[in-house]
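Trainee: I've got a structure to go through today, and I'd like to ask about it piece by piece. Can we put it up on the screen?

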Amino acid sequence: MRILITGSNGLLGQKIVKYCLINKISFLATSFGENRNREVPSNYYASMDITDSFAIEEVVRRYEPTHIINTAAITNVDACEEDQELCQRVNVFAVQCLLDICKEYGIHFQQLSTDFVFDGVQGDYSEEDPVNPLSVYAQSKVASEAILMNSGYENWSIVRTIIVFGTGYSLSRSNIVLWAIDALRKGDSLIIVNDQFRAPTWADDLAKGCMLILEKDKTGIFHISGPESFSIAEIVRKIAQYVNAPIDLIRETSSAELNQKAPRPPRTGFDLSKAKEELGYAPLAFEEALKVLDEELKSNVYSNPQ
Ligand SMILES: NC(=O)c1ccc[n+]([C@@H]2O[C@H](COP(=O)([O-])OP(=O)(O)OC[C@H]3O[C@@H](n4cnc5c(N)ncnc54)[C@H](OP(=O)(O)O)[C@@H]3O)[C@@H](O)[C@H]2O)c1
């Protein structure tokens, strides 16, 4: 296997790099900016804008990958409402560019997607449930999935996931666990929504799930998330307990009161049966992942983005 990773500066991209290094799998890390992952040797990295099909073709010809994992995206859900053109270009148009090249060279294409493809009424979604996106970001991900599904090409996989957390080098965005640990340890008070339910996903487990699909030669849609669903307020309460922070630092609020720019699905969460049966996917419980993450933070290797 020769894996071309896009978005290697991002949280998931960094964990796929880590998996490849540990398992001695050949990879080329690519991202939009300069390399910010200290584990990637410079000759394993290329800057590549996924909206530039000439740049993609040049990198593909040089590296000759057998698989491309596209983790790169505009991932800030509210920012997608504000800059819909950028969201469309990176989250949809670029997927078409990548898929076209995969088709031409017979490369397996893996696309990352989201629980936000669902409207969050039912919860506990399986791969067969119908999508109903509520926001610009969610619509862009549904459109990217449709590009693969309607392509007439069969060598692809789609991995849908749910709020991803973990450590990394110079991440451009924080994630709920890093953000809450940092704020609670400083004694800051937090306003947290209590009517949105999610299955928080340990980034290392997600990377393993993505790679198991490739290693086991699977195609199609896979739901990969943490094993338990909680309200966002419950997630932050668990973090407060873990860091021994006073629970009254957390003020709960509703989605209506919070009034986020992009509408959020109230209740997602995945049925993980397919991933467990076909991949042997076995994610850590939230509190176990929290312990590992905290040990990583204490090692002072990773910076905590604000
Ligand atoms: N994080 C979550 O909670 C979550 C939940 C559901 C689904 N997902 C999906 O999972 C995937 C990975 O998420 P993540 O949290 O790892 O993302 P992330 O940390 O926000 O990283 C995304 C990366 O995309 C890169 N990128 C943006 N525009 C690019 C372009 N034009 N060309 C090349 N690279 C570009 C950025 O690279 P530079 O840093 O080099 O600019 C950035 O590092 C995404 O597809 C996301 O939609 C994430």
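Trainee: Let's start with R2: which ring does R2 lie over?

Mentor: Keep in mind that this is a predicted model. A charge counts as sitting over a ring if it is within 6 Å of the ring centre and within 35 degrees of the ring normal. R2 is placed over the ring face at 4.3 Å from the centre, and the ring belongs to Y63.

Trainee: And how far is K274 from the ring centre of F222?

Mentor: K274 lies over the face of F222. The distance from K274 to that ring centre is 4.2 Å.

Trainee: Is the F116 and Y137 pair stacked or edge-to-face?

Mentor: Searching the whole structure turns up six aromatic pairs. For F116 and Y137, the centres are 6.3 Å apart and the planes meet at 85°. Planes over 60 degrees apart fall in one class, so F116 and Y137 are edge-to-face.

Trainee: Which parts of the chain does that pair link?

Mentor: The two residues are 21 apart in the chain. F116 is buried at 10% relative accessible area, and Y137 is buried too, at 9%. F116 sits in the loop between β5 and α5, while Y137 belongs to helix α5.

Trainee: What about F165 and F286: how many residues apart in sequence are they?

Mentor: Their ring centres are 5.4 Å apart with planes at 70°, so this pair is edge-to-face. F165 is in strand β7 and F286 in helix α11, so the pair ties together parts of the chain separated by 121 residues.

Trainee: Which residues make up the cluster of ring pairs?

Mentor: F165 and F286 are both buried. Ring pairs join these two with two others, and the cluster is F165, W202, F230 and F286.

Trainee: Now the ligand: how much of its accessible area does the protein cover?

Mentor: Look at the polar contacts to begin with. A ligand oxygen is 2.8 Å from a polar backbone atom of L12, and a ligand oxygen is 2.7 Å from an N or O atom in the side chain of T75. On its own the ligand has 910 Å² of accessible area, and the protein covers 89%.

Trainee: Which element gives the most to the shell around the ligand?

Mentor: The elements giving two or more residues are α1, β5 and α5. With three residues, the top contributor is β5.

Trainee: One last thing: what is the phi of E64?

Mentor: Most residues other than glycine have a negative phi. E64 lies in the loop between α2 and β4, and E64 is exposed, at 56% relative accessible area. E64 isn't a glycine, yet its phi is positive, at about 55°.

Conventions. Residues are numbered from 1 along each chain as its sequence is written. This is a predicted model: local features need pLDDT of at least 70, side-chain atom pairs count only at pLDDT 80 or more; totals for chains, interfaces and linings use all residues. Side-chain values use heavy atoms; hydrogens and water are left out. Helices (H or I, at least four residues) and strands (E, at least two) are DSSP runs, numbered from the N terminus. Buried means under 20% relative accessible area, exposed over 50%, partly exposed in between (1.4 Å probe, protein chains only). A polar contact is a pair of N or O atoms within 3.5 Å; within protein, one must be able to donate a hydrogen and the other to accept it, and residues adjacent in sequence count only if both atoms are side-chain atoms. Accessible areas come from the Shrake-Rupley method with a 1.4 Å probe; for residues, only the protein chains shown count as cover. Rings of Phe, Tyr and Trp (its six-membered ring) pair if their centres lie within 6.5 Å; planes under 30 degrees apart count as stacked, over 60 as edge-to-face and the rest as tilted.
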